[in-house]
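This briefing covers a predicted model. Please look over the sequence and the structure before reading on.

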Amino acid sequence: MPTQTPSVAKAKWLNKIKWDEHGLVPVIAQEAGSNDVLMFAWMNRDALYKTVELGEAVYWSRSRKKLWHKGEESGHVQKVLEMRLDCDEDVVLLKIEQAGGIACHTGRHSCFFNKFDGDAKDGDWQASEPVLKDPDTIYTEAKSK
């Protein structure tokens, strides 16, 4: 993980959070108004500090091993209206406004579009939300800007 900036190191409010062994905390993004859970991601101290600083969601990408400003490629930024910490101080909830109405990289409103249908023996996951915009179009348009 990158070294923290001096301002992040001095932010005492970050010490209240119970970070995991990798210095991460799980984050749930919930749409204000509808209360739909749009996505789940991770933040490190730098990401959470930057989120507060910008007023937009910044996550820690475990696959890319770097900060990820949500919408940096797609344009689907998340304006943070409120932040909450759970009772165990180990999960952050963001109440957000989702630009473009699309939070998922699949072009859907929510990342939680697979719904379980059936019983324990024969059940399966079924897509329950439509693709609002083709992901290839989203990321092609973003690259051309």
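The points below cover the sheet, the annotated aspartates, the nonpolar core and one histidine.

The model is predicted. Its open sheet has four strands in the order E2-E1-E6-E5, and the pairing is mixed. UniProt, in an unreviewed entry, places the feature "binding site" at Asp86, Asp88 and Asp90. The largest nonpolar core holds 23 residues.

**Sheet**

- Four strands, ordered E2-E1-E6-E5, form an open sheet with mixed pairing.
- Strands E2 (37-43) and E5 (78-85) stand at the edges; each has a single partner strand, so one side of each is left without a neighbour in the sheet.
- From one strand to the next, the twist averages 25°.
- E5 and strand E6 (residues 92-98) run antiparallel and are joined by seven bridges.
- Lys79 has Glu97, in E6, as its bridge partner.

**Annotated aspartates**

- The "binding site" feature at Asp86, Asp88 and Asp90 comes from the unreviewed UniProt entry.
- Asp86 is in the loop between E5 and E6, and Asp90 also lies in the loop between E5 and E6.
- Asp86 has 25% relative accessibility and therefore counts as partly exposed, a class that runs between the 20% limit for buried and the 50% limit for exposed.
- Asp90, at 30% relative accessibility, counts as partly exposed too.
- Apart from neighbours within four places in sequence, Asp90 is in contact with Lys18, Val25, Pro26 and Leu85.

**Nonpolar core**

- Within the largest nonpolar core, of 23 residues, those with the most contacts inside it are Leu14, Val25, Val27, Met43, Tyr59 and Leu94.
- At least two residues of this core come from each of strand E1 (25-31), E2, helix H2 (45-54), strand E3 (58-61) and E6.
- The most is given by E2, with four residues.
- Val25, one of the core residues with the most contacts, is in contact with Ile17, Trp19, Ala41, Trp42, Met43, Asp90, Val91 and Val92, leaving aside its neighbours within four places in sequence.
- The contact between Val25 and Asp90 links this core residue to a position of the UniProt feature.

**His105**

- His105 is in the loop between E6 and strand E7 (114-117).
- With a relative accessibility of 54%, His105 counts as exposed, because the class begins over 50%.
- Residues up to four places away in sequence not counted, His105 touches Pro135 and Tyr139.
- His76 is 29 residues from His105 in sequence, and the two are 9.5 Å apart in space, C-alpha to C-alpha.

Note on methods: Residues are numbered from 1 along each chain as its sequence is written. This is a predicted model: local features need pLDDT of at least 70, side-chain atom pairs count only at pLDDT 80 or more; totals for chains, interfaces and linings use all residues. Side-chain values use heavy atoms; hydrogens and water are left out. Two strands pair if DSSP finds at least two bridges between them. Axes are lines fitted to C-alpha atoms, for helices over the stretch in contact, and angles run from 0 to 180 degrees between N-to-C directions. UniProt positions are given in the numbering used here, feature names are shortened, and annotations may be inferred rather than shown by experiment. Buried means under 20% relative accessible area, exposed over 50%, partly exposed in between (1.4 Å probe, protein chains only). Contact means heavy atoms within 4.5 Å. A nonpolar core is a set of buried Ala, Val, Leu, Ile, Met, Phe, Trp, Tyr and Cys residues joined through side-chain atoms within 4.5 Å.
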